[in-house]
Amino acid sequence: MSIKRPVAAGFAAAVVALAAGTVAAVASGGTAVAAPTSCQALFDDFSYSGASDPLIQSHGWTVRTSSGGPGIPGASWPASNISFPTVDGAKGLQLQASTDGTAGGTSQAEFLAGQRFFEGTYAARVKFADAPVSGNDGDHLVETFFTITPLNAPMDPNYGEIDFEYLPNGGWGEPSNILYETTWETYNPEPWQAVNVHGQQSISYNGWHDLVFTVSGGHVIYYVDGVQVADHSGIYYPETNMSVNFNLWFIDSAAHTGGSATYRQQVDYFLHTAGEVLTPAQVNSRVGSYRASNIAWTDTVGTGGGTCPTASPTAGPSNPPTSPSPSPSKSASPSPSASPSPGGTGCASAPLWNINSVYLAGAQVKWEKSANGNPSGPKSGQGVHLWKARWWTQGSEPGWTQQWEDLGRC
């Protein structure tokens with residue numbers, strides 16, 4: 001779900017009905033294999049024969065075919081839009097979506113796992129695409145990796161959602177490429193009211209990228225290609241189990257220019273470690289160990305399997321990044337606000353913190369911490385403080401995240 005759009009009730013209803021996964025460990029050839037030690041983990045290399053492979057269901061995944069949102073109303077979700085081809089030398093999950101600008105000519109894709117995941121590490125290697133494989137480019141498309149808890153009623157406090165959403169052609173008022181990291185507290189579908197916080201990078205992410213987010217200690221921390229890009233906390237921290245989802249869908253048909261266009265998104269693997277926080281480097285090491293052991297799938301989440309062998313930090317890396325995302329922003333699609341310059345001379349010259357602005361390491365702002373981690377909500381009563389960014393940050397409120405150092409009251 002985006003920071004700017006409502007979601008149809010049909011989507012939330014579909015999530016409620018997800019099946020829980022089974023517990024086993026299976027190699028690509030179907031032989032039972034013990035996972036490395038006794039971690040509570042789910043790893044999947046997506047070595048399936050096709051959308052009808054019975055192993056998909058037995059491994060706890062669902063190929064969506066039900067109608068409803070998100071996306072263009074009336075669009076279909078055919079199983080044929082899910083496949084498992086060899087891409088760039090490795091077999092993986094592929095999602096496909098097509099549109100001719102009409103509801104009847106629009107099909108979207110979703111692949112999801114049951115609502116049984118909470119704290120720990122979530123990781124996937126995803127190939128985003130800026131252009132269609134056929135047809136005219138320019139459609140408002142969303143390429144995703146996210147977790148979600150169903151909304152049972154408007155402003156349901158137990159709703160939760162943690163999103164990576166890539167818009168290769170813009171949308172929701174954005175003119176060009178943008179990647180969002182959005183963490184949700186709740187929302188009201190009618191009239192639309194969203195309670196969330198987000199980070200964003202207005203650059204192209206065409207190609208393969210390592211996406212990681214950790215849920216632990218009151219913080220949801222996002223990484224792209226090993227670089228921390230967001231840290232969300234306070235009321236946005238999830239309260240309940242979530243499902244894991246990959247979907248590919250169209251925001252609208254406003255930018256469609258005729259004919260039929262087809263887009264694809266690929267996923268190399270998915271890894272979740274329950275209750276264990278891994279750095280991006282540790283994720284890569286763990287995935288490598290599964291592959292070295294010829295384990296294409298394993299699922300020990302929820303079995304009480306003991307402690308993972310590799311000690312892992314309980315927060316982000318000990319040496320946080322001190323630079324923004326790996327690529328500079330395109331001049332044609334700048335961030336909503338200009339980035340403040342690092343440094344500062346105190347409260348008198350420091351600007352007020354802005355949720356949409358990008359701040360580099362050393363940047364200073366002034367801000368009174370909110371009472372409940374909601375920047376638009378009531379203040380804490382602690383007065384305005386001067387804050388200094390420890391590293392690159394966007395969308396993380398001073399006083400509620402480790403990305404800001406408190407320099408004292410103004």
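**View 1. Contacts across the whole chain.** Among contacts between residues at least 6 apart in sequence, 69% join residues at least 24 apart. Keep in mind as you look around that this is a predicted model. The chain has 410 residues, and buried residues make up 54% of them. Three helices and 24 strands can be found along the chain.

**View 2. An open sheet of seven strands.** Let's follow the strands across this sheet: their order is 3-8-17-10-11-12-13, and the pairing is antiparallel. Which strands stand at the edges? They are strand 3 (61-63) and strand 13 (192-201); each has a single partner strand, so one side of each is left without a neighbour in the sheet. From one strand to the next, the twist averages 20°.

**View 3. Strands 10 and 17 side by side.** Here we zoom in on one pair from the sheet. Strand 10 covers residues 141-149 and strand 17 covers residues 242-250. How many bridges join these two strands? There are six, and the strands run antiparallel. To get your bearings, find Val142, which stands opposite Trp249 in strand 17.

**View 4. The second largest pocket.** This pocket holds about 190 Å³ of space. One run of names to look for in its lining is Ala194, Val195, Asn196, Val197 and His198. The lining also includes Tyr236, Ile355 and Asn356, along with Asn374, Pro375 and Ser376. What kinds of residues make up this lining: nonpolar, polar or charged? Six are nonpolar and five are polar, while no charged residue takes part.

Key. Residues are numbered from 1 along each chain as its sequence is written. This is a predicted model: local features need pLDDT of at least 70, side-chain atom pairs count only at pLDDT 80 or more; totals for chains, interfaces and linings use all residues. Side-chain values use heavy atoms; hydrogens and water are left out. On a 1 Å grid over the protein atoms alone, a cavity is a set of points where a 1.4 Å probe fits but cannot get out, and a pocket is an open set with protein on both sides within 12 Å along at least five of seven lines; lining residues have an atom within 4 Å of a point. Grid points are joined across faces, edges and corners, and a volume is the space filled by probe spheres set on the points. Ala, Val, Leu, Ile, Met, Phe, Trp, Tyr, Cys and Pro count as nonpolar, Asp, Glu, Lys and Arg as charged, and the others, Gly among them, as polar. Two strands pair if DSSP finds at least two bridges between them. Helices (H or I, at least four residues) and strands (E, at least two) are DSSP runs, numbered from the N terminus. Axes are lines fitted to C-alpha atoms, for helices over the stretch in contact, and angles run from 0 to 180 degrees between N-to-C directions. Buried means under 20% relative accessible area, exposed over 50%, partly exposed in between (1.4 Å probe, protein chains only). Contact means heavy atoms within 4.5 Å.
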